[in-house]
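Subject: Two-chain model, handover and notes

Hello,

Here is the structure I said I would pass on. My notes on what turned up in it follow below.

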Amino acid sequence: MSTSDYTCETENIAVYIDGELEPARRTALEEHLKQCPSCATELQTQRVFMCELNSALANRYELAVPPNFARTVAVHAESDMRGVRNLAEHKRALRFCIILGLAAFALLGVATSKAVVLSVRSMAGKVLGVVGLFAKTTFDAASGVTVISRVVSRGLIADSRLASMAGLFVLVLAIAVLSFLIARYHRARLIE
Amino acid sequence: MSSSASPDVLSFGSAADRDLVASAAQGLEGGFEELVRRYQRPISGYVYRMVGDYEAALDLTQEIFIKVYGSLARYRPEFKFSTWIYKIAHNAAIDHLRRNSGRERSLIKGTEDDNYDLPLESEGLSPEQQSEREERRVEIETVVRSLPTAYRELVVLRHSQDLTYEEIVEVTGLPLGTVKNRLFRAREMMRQQFLCKGITGI
């Protein structure tokens, strides 16, 4: 691009001050500035203006942040689980969860089986004790009754076989008569 | 760097950004804190000039750093970290402005008094210089605040954050021609406003 082709463009001057003009255009502009007082004045004006802007908005006028802001923000960020977006981290977390779940289930199972076995064993022991006591008592009572009845029957039979036979007969007769009397009483009530 | 920084943090002081990112991604303590310490002021300053509210800017800055931490695994070292973090900040600020479109209007209508209450820091200037600078700074800040967001952002990225055109293209996703044109028009708007206000010497 020759100097004579150059048209006065204030936008190019701004880009030039920013140091962003391509080398060819920069050379052309510098040549043009030597011959164009208007553009040279514009360059000076824009340069002053941009210096003012840079100075007013410079970093030394940044906001004051609260003390320990960096520490607080870092702690918040590092404890924030929304950051776990990585697929590998998700898989690892899932594996850990499954392992922990299985371990918890196994430990719970062991604890439960222990509790069940112990309680069933102690309950069975108590039930067996009660049953044994009842059986022993029944057995003792039966054997006592047997002994007593044997002694009584031996005494009766030893005194008089006839008397005992007579007693037995009377007993059978009494039972028969009693049943006959009861039947008769009921029949009479039905007739009335 | 604060005096309460741990020895781990101190050892990261001279490390390059990409080394800090690598150590933070590996979960090493102190790496990410040093990154936050380096970028907290530029990012909060950029966000403040975008949203116009100090408290909202601090909340948004924290949100941006949490997003950065969550995306560290996706960061590619061939790109400049500062450009990458500004891109995240740009997206967060634009989302915030969309959610709070009422605040955007108040930002444009902001008065000069808003600037006097800001907890700004200035270093190494005499009281007289500070007073003069402060007056001029407030005038310029007010004019910058009056610009539409699309123009204001480019002025802030270029003049406050010192980004190149190429970096601004990466951060905003705009074509280079649009960046150049908007920057030029933004500066023209500001010059016109200074002329209207009768401010000379700019």
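In this predicted model, helix α4 of chain A (residues 69–78) packs against helix α4 of chain B (residues 54–70), with axes that come within 9 Å and cross at roughly 45°. That crossing angle makes α4(A) oblique to α4(B), since an angle between 35 and 65 degrees is neither roughly parallel nor roughly perpendicular. The handedness of the crossing is right-handed. On the chain A side the residues in contact are V73(A), H76(A), A77(A) and E78(A), and on the chain B side they are Q62(B), F65(B), I66(B) and Y69(B). By type, the residues of this contact comprise five nonpolar, two polar and one charged.

A second helix pair also joins the chains. Helix α1 of chain A (residues 10–17) packs on α11(B) at an angle of about 100°, and the axes are 10 Å apart. At that angle α1(A) is roughly perpendicular to α11(B). From α1(A) the contact takes E11(A), A14(A) and V15(A), while α11(B) supplies K180(B), L183(B), F184(B) and R187(B). Here the division is four nonpolar, no polar and three charged residues.

Next, the chains one by one. Chain A has six helices and zero strands, so its pattern along the sequence is simply α-α-α-α-α-α. Of its 192 residues, 10% are buried. Taking the contacts in chain A between residues at least 6 apart in sequence, 53% link residues at least 24 apart.

Chain B is also built from helices, with 11 of them and zero strands. Read from the N terminus, the order of elements is α-α-α-α-α-α-α-α-α-α-α. Chain B has 202 residues, and 36% of them count as buried. For contacts in chain B between residues at least 6 apart in sequence, the share that joins residues at least 24 apart is 62%.

Helix α9 of chain B (residues 149–160) deserves a paragraph of its own. Nine of its 12 residues are buried, so the helix is largely enclosed by the rest of the structure. The buried residues are R152(B), E153(B), L154(B), V155(B), V156(B), L157(B), R158(B), H159(B) and S160(B). Which elements cover the buried residues of α9(B)? The cover includes α3 (37–56) of chain A, and from chain B it includes α3 (31–51), α8 (127–145), α10 and α11 (176–197). Chain A therefore contributes to the cover of this chain B helix through its α3.

Two residues stand out for their backbone angles. D162(B) comes just after α9(B), in the loop between α9 and α10 of chain B. Its phi is near 60°, a positive value in a residue other than glycine. D162(B) has 14 C-beta neighbours inside 10 Å and therefore counts as partly exposed. In chain A, N68(A) is not a glycine either, yet it has a positive phi of about 65°. N68(A) is placed in the loop between α3 and α4 of chain A. With 13 C-beta neighbours inside 10 Å, N68(A) counts as partly exposed; a residue would need 20 or more to be called buried.

Last, confidence. The model scores ipTM 0.74 and pTM 0.63. Chain B has a mean pLDDT of 80, with 79% of its residues at 70 or more. Within chain B, confidence is highest in helix α10 (residues 165–172), at a mean of 95, and lowest in helix α7 (residues 113–116), at 43. Two stretches of chain B have pLDDT below 50. One is residues 1–10 of chain B, which has 11 contacts in the model beyond near neighbours in sequence. The other is residues 109–117 of chain B, with seven such contacts. Where pLDDT is low, the predicted coordinates should not be read in detail.

Regards

How values were computed:
Residues are numbered from 1 along each chain as its sequence is written. Chains are lettered from A and ligands numbered from 1 in the order in which they are written. This is a predicted model: local features need pLDDT of at least 70, side-chain atom pairs count only at pLDDT 80 or more; totals for chains, interfaces and linings use all residues. Axes are lines fitted to C-alpha atoms, for helices over the stretch in contact, and angles run from 0 to 180 degrees between N-to-C directions. Helices (H or I, at least four residues) and strands (E, at least two) are DSSP runs, numbered from the N terminus. Angles under 35 degrees count as roughly parallel, over 145 as roughly antiparallel, 65 to 115 as roughly perpendicular and the rest as oblique. A crossing is left-handed if the near helix is turned anticlockwise from the far one by less than a right angle, and right-handed if clockwise. Ala, Val, Leu, Ile, Met, Phe, Trp, Tyr, Cys and Pro count as nonpolar, Asp, Glu, Lys and Arg as charged, and the others, Gly among them, as polar. pLDDT is the predictor's confidence in each residue, from 0 to 100.
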